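Got the viewer open? Keep the selection box handy and follow along, one stop at a time.

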Amino acid sequence: MVARLQQCIVLAWLLAAAAWTGSWWSRAPSVALSGLLVLSSAHAAFLALEFIAGYRVSRQDPLGQATASQCARAWVVESWAALKVFCWQQPFRSRAVADYLPMNNGHRGVVLLHGFMCNRGFWNPWLRQLRAAEHAFIAVDLEPLFGSIDHYVAVLDEAILRVTAATGLPPVLICHSMGGLAARAWLRTANPARVRRIVTIGTPHRGTWMARFGHSANGRQMRTDGEWIRQMESACTSAHEVPFTCWYSNCDNIVFPTSSATLPAADNRLVPGRGHVEMAFVSSLRQQTLALLDE
């Protein structure tokens, strides 16, 4: 569903750009180019507002605030990273790397969970590296797109069963953004011994300020101090039950204030100066995360 929706958005943008340029080029090339620039940079302008909000909201955060230069650099890189993910990887390459389930090859397996408005194509660079290292993996699609996070528990549970059956070992869960909350929702009713570790990247464990603008079921659940987040905390689905590694950034433009992406008693690791999407594609973060498979 996400792939089809994002394909339509990309194609609509291309048609709009072609129509605008074609209608103005012969009469006023400067107008044609100006309109094309506006169409091309609209997403970057929206991201800039997110970074400004994150900078201001995180001013009093106990984990500290990013510098203005860090935020500016993160905005530039995030603008490009978001284009690659939302205009190419997810709409057109979501099935480029198939799930891989070799039987009993001695390597621990992985289940990967994407975030809000994403699909399994988000993980393509990770999947290629896992396949090369012969680690079994399943990258799930969390649907319905705007449904409750609790609805994703069943698909995650099935993926854990399949990877465990193939490897004979409890898998590691690697989660971006909302995917980490889906993992914790699964923990509320599951045996924590069924997974070796849960790694979250930019997950709003304590909710996020940005979710105040979300009106879908899962968007409302991610609101700071919201009822669902409070229930999650009271259910003790945290690092006290299963080892957690929580990657967080002081420049996350979606999950802020900064400490929202951390958990008590977890192995909380800062990846400084990175945006919400870019964070998941930092090579050192990926290498350190995959090294946990051998522990």
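Helices (H or I, at least four residues) and strands (E, at least two) are DSSP runs here, numbered from the N terminus. This is a predicted model, in which local features need pLDDT of at least 70 and side-chain atom pairs count only at pLDDT 80 or more, while totals for chains, interfaces and linings use all residues. Residues are numbered from 1 along each chain as its sequence is written, and side-chain values use heavy atoms, with hydrogens and water left out.

**Stop 1: the sheet**

Select the strands. Six of them make an open, parallel sheet in the order β2-β1-β3-β4-β5-β6, where two strands pair if DSSP finds at least two bridges between them. At the edges sit β2 (137-139) and β6 (267-270), each pairing on one side only. From one strand to the next, the twist averages 15°.

Now pick residues 197-201 and 244-248: these are β4 and β5, running parallel and joined by four bridges. I201 stands opposite W247 of β5. Add residues 283-291 to bring up helix α9, which packs on the sheet and touches β3 (172-176), β4, β5 and β6; contact means heavy atoms within 4.5 Å. The direction of α9 makes about 180° with that of β5. Such angles run from 0 to 180 degrees between N-to-C directions, with axes as lines fitted to C-alpha atoms, for helices over the stretch in contact.

**Stop 2: β1 and its neighbours**

Go to residues 110-113, strand β1, where you'll find L113. Which way do the residues of β1 point? V110 and L112 go one way, V111 and L113 the other, and all are buried, that is, under 20% relative accessible area (exposed is over 50%, partly exposed in between; 1.4 Å probe, protein chains only).

On one pairing, three bridges join β1 to β2 in parallel, with F137 as the bridge partner of V110. Trace the chain from β1 through helix α4 (residues 124-132) to β2 and you have a right-handed β-α-β crossover: with the strands pointing away from the viewer, the path from the first strand over the helix to the second runs clockwise. Another pairing, also parallel, links β1 and β3 over four bridges, and there L112 faces I174.

Zoom in on L113. Why does L113 count as buried? Because its relative accessibility is 0%. Leaving out residues up to four places away in sequence, its contacts include W123, V140, L156, L173 and H176. Measure to D141 as well: it is 28 residues away in sequence, but the C-alpha atoms are 7.4 Å apart.

**Stop 3: helix α6**

Among the contacts of L113 are G179, A182 and A183, so select residues 178-187 next. That stretch is α6, a mostly covered helix with ten of its ten residues buried. M178, R184 and W186 are among them.

**Stop 4: the spaces**

Switch to a surface view. On a 1 Å grid over the protein atoms alone, a cavity is a set of points where a 1.4 Å probe fits but cannot get out; a pocket is an open set with protein on both sides within 12 Å along at least five of seven lines, and lining residues have an atom within 4 Å of a point. Grid points are joined across faces, edges and corners, and a volume is the space filled by probe spheres set on the points.

How many cavities of 30 Å³ or more are there? The count comes to one. The largest cavity holds about 70 Å³. It has 14 lining residues, and G54, Y55, N250, C251 and D252 are the closest to its centre. Helix α2 (residues 29-57) gives the most to that lining, with three residues.

Last, select F46, L47, E50, F86 and M117, which lie nearest the centre of the largest pocket, out of 38 lining residues. This pocket has about 1300 Å³ of space. Elements giving two or more residues to its lining are α1 (2-24), α2 and α3 (68-92), and α2 gives the most, with seven.
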